[in-house]
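This report describes the contact between two chains, then the make-up of one of them, and closes with two residues of unusual backbone geometry.

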Amino acid sequence: MPSTVLIVDDHAGFRANARAVLESEGFDVVGEVANGTDAVAEVARLSPQIVLLDVQLPDADGFELAERLTSNGSRVNVVLVSSRDYSDLPRLIERSGARGFVPKAELSGPRLAALVA
Amino acid sequence: MSNRRAAAITLLALAVAVGAATLVALSDHDTSKVATIALAAPLGLVFIGAGLVAARRRPDNRTGTLMILTGFAWFSGALPDANNPLLFSLGSILGAVFFGFLIHLILAFPSGRLSGRGVRALAVGGYVLVAASNLAFMLVDDLVDGCDGCPRNVLLVSRQPGVADAVRVLTVIGAAVLAAGVVTVLVRRWRAATPALRRALTPVFASGGVTLVLAALLVAAQAADVGAAEAVYWLLLVSLMTIPLAFLAGLLRARLATAAVGRLLAETPETPTQAEAQEGLRRALGDPTVELAFWLPERRGYVDTQGRPFAVEENDPRLSTPIALDDEPVALVVHDAALAEEPDLLTGVLAAARLALQKDRLQAQLRARVEDLQRERDFVSTVVNTAPAYFCVLDSAGRIERFNTTLEAMTGMLDDESARGRPFWEVFPVDEEALAARMVIENRGEGIEHAWRAADGGTRIVTWRLTELPENRLLVSGADVTERRRSLDEQAALRRVATLVAEDPEPALLLEAVTREVGLLFGGDTATIFRYTDGRRVTVMGGWSDRGDFVDPGSERVLDGDTAAALVYQTHAPARIDDYGAVEGEFARYLHDQGIRCTIAAPVIVGGALWGAVSASSTQEDRFPSAAEHRLGAFAGLVAQALANADARDELRRAAARIVEAGDAARKQLERNLHDGAQQRLVALSLALRLAQSRLPDDPGRAGEILRNASEELALALEELRELARGLHPAILSDRGLVPALSALAVRSPVPVKLHVLTEERLPESVEVALFYVASEALTNVAKYAEASSTHVRLALVEDTAVIEIEDDGVGGADVEGGSGIRGLRDRVESLDGRLDVNSDPGGGTVVRAEVPVVRAPEPVAAA
């Protein structure tokens, strides 16, 4: 059964490309939102298995939002994305409760699957 | 003439007279013997006597000798009375020789010498006529006619009555010619004579002239009628008597010289002017031509009564007689030459004049000495009383005897009983220094410096010294060094403050130091530096007080009334208040309540604007010397300099921080732009390529479509990267220069830009970059905010300043102090010593103008 994914990013172009890539590789993209507020609401409504979360949102910091989404025993898998490279900040990512970080240009189904497995 | 010779002549004369009288008495043919003896004998004696007196008194004058000879010649007139024929005949020839001598005497008067050929000829003619006519007559006439009992004429050659008559006629003619000649000479001489000479000539000429006329008449009468001749003869005798009397009169005049001297001394004023002295001499000498000239030693020459240089002309007939005292010429008396004939008068009068002059000179010397002393006293008095020094004379116990007016003026003490007799140290030095002054005076100490009390209640610093005077008295002489001391103190204080300013002190430290220096220097109780906050208040920034209470930094005061602070605020100039009791307003009342009576204040002007003021105040009225507020200005200037230094440093720090911030912001913006633009496109491109790759086997059509979109995305990404690169540094600027770079800016601007290039010259790179960014930022702002329809960009090089101006016709009202963009530009421009101005009145468009001085690298020097 394909994993359900919520894409949270303020760049529409990225959201469209990510949906196309992930869907072509077997993921079920259940929703797209452009900001942190909407993200919290949609996570509660859709309960996606994976949240693809941009580090930099107009109204929220991705790390803080990840921490919030993963607190209180939630089992949601948050994967942080950014066009900047945060891979050399593993502690920050770990502390946020996210499962991992993928540079936007390297996003692919297998990479995402590997992180949430 | 010696006494013996005079006696011999006298005896001879008497003998001759007796002889003559005897001849007359024994004569057989003289019909009037008694009359002849009575009149003729004394006449000869009178001539001889008068001649003797004249010769003794005037040995250098021949007149006396001539008179004596004339007297003896007269006695020869008795020979014709002789009964002896030879004596009778000889006497008839010589009897008239007397007249030759008489003519000689008159012509030679008054010198006794015949002067001039004509005069000598006349005299000789006289002798010849009287001798020759009688001789000739006796050769042809027996003389018996008309003379009963006359002896025989031994000289008779032949009695020739016709020839005798002719001789008579010729004799009369000769006598007449001779008389006419003599009278002519006398008249001429009279007319040429000065009044003094005329007085001498008058009696002699009168008697002589009458006598000669009578003599001529006698000759005529003898030729014509014997009876009439007899009468003329007696008249002639009487007339002849007057001649020696005339000479005696002249001699008497000489004797009167003493009286003239007495008159001179009596009638001339005690201290006559030169003119009065001259007039006195004229009267005394009876010579109105007298001139008196005084010797001026400093001119080495004489001056007349008018003070003009005086000299006797060469052809002046008058004589000059100098008067000298102690071998030094004093005066010159120029007088008639005839006065030489009255030497007694002349020498007497001149001796009297000499005495008077000597007395005058002694008096003048005495007067001069008294005047010298008076002048010296006046001079010393003037010096002592006008010298800028204090003089005070003390007795041996240090009590005041007298002091000068300079000390009176300074202390307000009068040099009278109120001060005299009191100890010096109780009167002049201020109380706390009195003991020290007393020690100095009582121990006759060295020069010292003390504060003396001044009339205005203040003190003066006086350096004084003691000088011993006779009778153990003391002269205290003092110099006022207050101003010099104050000036030195002021310069020292200014130096200290300036040094402190140069050391860049903490503001509080500086303000405290300045106010302390100012307060102490000007003698205030308190000094303050305050700042004008909004035109209605002042904020105390720092201060000093010798009471330690009044100044309260940070406190505010209302700026009302005419306080010194308000006056400085109004005038931007130093101000002073000498009595706060008379000033209105809350602040003034507050100061007055604090005990402040007077204040001086000077403005602190920083960067051309009034920042605040420095003030010093005192609880005493009129405490500050005149112009103290202006001297305070020097301290205010140092405060301003320190504040300006601090401002400049702060501004420098701020500019540096802004430059760093601007760099940070620019980099952040660049990263943001990259992140938001090209990076996002490349991310999308990457994902699209992977998507196309995955679709290619199953759906090549879809893969192709994805690749086409990706290619467009890539083109957009490249364009965005180029735009970013341009933003980092416009390559065209470094490659092609400012003008092409500005053209590129204009082309890309969304608002039409008209470029006005007034210089194509390449400028230093830093200048070109700065001007480019000014234009770039300004055009960006025009596009963003101005709502403009057109923009003009002007570039010019004015002398050595590059100017760029961007003007739009938009809405204006821009923030001229600028957001971060303008501030960054301003920093960039000012870092090149340039300036950036923005004018943007609402509705009036915006003008951004930058001026940057162009400093070119020196031309490389060609290698030799």
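The contact, in which two residues count as touching if their C-beta atoms, placed from the backbone, lie within 7 Å, takes 12 residues from chain B and 14 residues from chain A. On the side of chain B that touches chain A, helix α21 (residues 678-695) gives the most, with 11 residues. By class, that side of chain B has six nonpolar, five polar and one charged residues, where Ala, Val, Leu, Ile, Met, Phe, Trp, Tyr, Cys and Pro count as nonpolar, Asp, Glu, Lys and Arg as charged, and the others, Gly among them, as polar.

This is a predicted model, in which local features need pLDDT of at least 70 and side-chain atom pairs count only at pLDDT 80 or more, while totals for chains, interfaces and linings use all residues. Residues are numbered from 1 along each chain as its sequence is written, and chains are lettered from A and ligands numbered from 1 in the order in which they are written.

Chain A has five helices and five strands (DSSP runs of H or I with at least four residues, and of E with at least two, numbered from the N terminus), and its elements run β-α-β-α-β-α-β-α-β-α from the N terminus on. Of its 117 residues, 38% count as buried (20 or more other C-beta atoms within 10 Å of the residue's own; exposed means 12 or fewer, and partly exposed in between).

Most residues other than glycine have a negative phi. The table lists two residues of chain B with a positive value.

| Residue | Phi | Loop in chain B | Other C-beta atoms within 10 Å |
|---|---|---|---|
| Asn472(B) | near 60° | between β9 (459-469) and β10 (473-480) | 11, exposed |
| His572(B) | near 60° | between α18 (564-571) and β14 (575-577) | 13, partly exposed |
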